[in-house]
Amino acid sequence: MFFERPDAGETAVLLHVDFQDEREREDPGEFLELVRSAGAEPATLLTGSRQRPDPRTFIGAGKVEELREALAVHGAELVIFNHALSPSQERNLERELKCRVLDRTGLILDIFAQRARTHEGKLQVELAQLEYMATRLVRGWTHLERQKGGIGLRGPGETQLETDRRLLRARIKAIHKRLDKVRSQRSENRRARSRAEIPSVSLVGYTNAGKSTLFNALTASEVYAADQLFATLDPTLRRLEIDDVGPVVLADTVGFIRHLPHKLVEAFQATLQEAAEAALLVHVIDAADPDRDLNVAQVEAVLDEIGALDVPMLKVMNKIDLLDSAPRIERDGEGRPEVVWLSAQQGRGIDLLYQALSECLAEDVIDFSLTLAPEQGRLRAGLHELGAVREEHFDDAGHTRLVIRLPRRDFLQLMARLGERAEDYLPRELQERPVWES
């Protein structure tokens, strides 16, 4: 990767500021989890409150002095802010503190750099890193900002800083080109699934809500799952069989977080597009998290940003083992599944999720009985091939009575293939029957 991360285990002094504006507030507990996920060792967490950030250093002179003392006491060489800093604020703080300063965006990028495993994931992280670092290049080249004259000092007509910026722009352009190719490949794969009429389901949710654990429980996979933020970065697709629906593609996606850097959302557009074009979103929520309502709002904000808020959604309240609650399905006024309460880690309620997925994805399931004459063996064989036959009885005259259940679409396609009229077999009440009454 273009920018390599430093070795983990660095001692860091952390700083969190509370602002009066609720929209600007960050969670200090989540901040500590982010720092630990990055592999740093928190020495101390300094807190403060301000009405608004200082334009020069984000914090006041007194807090800068407090940071300087904490660095000396703990022998730390890194300060991490739980806020986004402007490039000039970062440079001013580094000049004052004589150490590296990292903001919340840089911290999240560092975690992403560690977690990326696939070629696509690494490209996406590198793109976000490059675009983030492009505004901060001057920090490393203050001694080369001006062209120098004189014998032996005449350059190619541009400063080292300009050369680096040009190289960055070229690299960013190359990555965009490669990601466009990935995007088109993903789009083609989705079109192929659509032509094959295989619905896709995307797991979305706040980071560390238990998406990967649930994914493993549903698909018997071994996707990396851990009690840490952004344990999953690269998207994983698996095939799943759902009653009354058939094969389904299940996608595990990157977790969201409050104030997720916009550049990261842009970089992961190819991955997040899986969610935007899914037939159903399964929003996994940590039911035991005291901030779960805020987390839900943040996930919905990101879904809105990628154009996925209109996709049908099923909510999953995970980690009910921490609440001592029982698995259950909550339904809306029309009987549709709305929320499934379960524990992915303990496997409790997984059967209820399968049931809810079946009800949400089955476009129109019909359940009725019909009697076939001996010469209608092709129709009987076709229904058996679709796995639609629930009961079968024969009489002395050779007639067969079948109790069948299958998606209306599959039944209509079978009828058309055999040259039969569906209305000759469907009971009158099923010919115009809504899906949720089937």
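**Sheet, helix packing and a salt-bridge network**

Helix α3 (residues 87-97) lies across strands β3 (78-81) and β4, in contact (heavy atoms within 4.5 Å), and runs at about 145° to β4; axes are lines fitted to C-alpha atoms, for helices over the stretch in contact, with angles from 0 to 180 degrees between N-to-C directions. The model is predicted, so that local features need pLDDT of at least 70 and side-chain atom pairs count only at pLDDT 80 or more, whereas totals for chains, interfaces and linings use all residues. Residues are numbered from 1 along each chain as its sequence is written, and side-chain values use heavy atoms, with hydrogens and water left out. Helices (H or I, at least four residues) and strands (E, at least two) are DSSP runs, numbered from the N terminus.

The open sheet has 4 strands in the order β2-β1-β3-β4, with parallel pairing, where two strands pair if DSSP finds at least two bridges between them. Because β2 (41-50) and β4 (100-102) stand at the edges with a single partner strand each, one side of each is left without a neighbour in the sheet.

A search of the whole structure finds 17 salt bridges, each a side-chain nitrogen of Lys or Arg within 4 Å of a carboxyl oxygen of Asp or Glu. Glu 96 forms one with Arg 56, the closest N and O atoms being 3.3 Å apart; this pair joins helix α3 to the loop between β2 and α2 (61-74), across 40 residues. Arg 68 in helix α2 also forms a salt bridge with Glu 96, and bridges with shared partners join Arg 56, Glu 65, Arg 68 and Glu 96 into one network.
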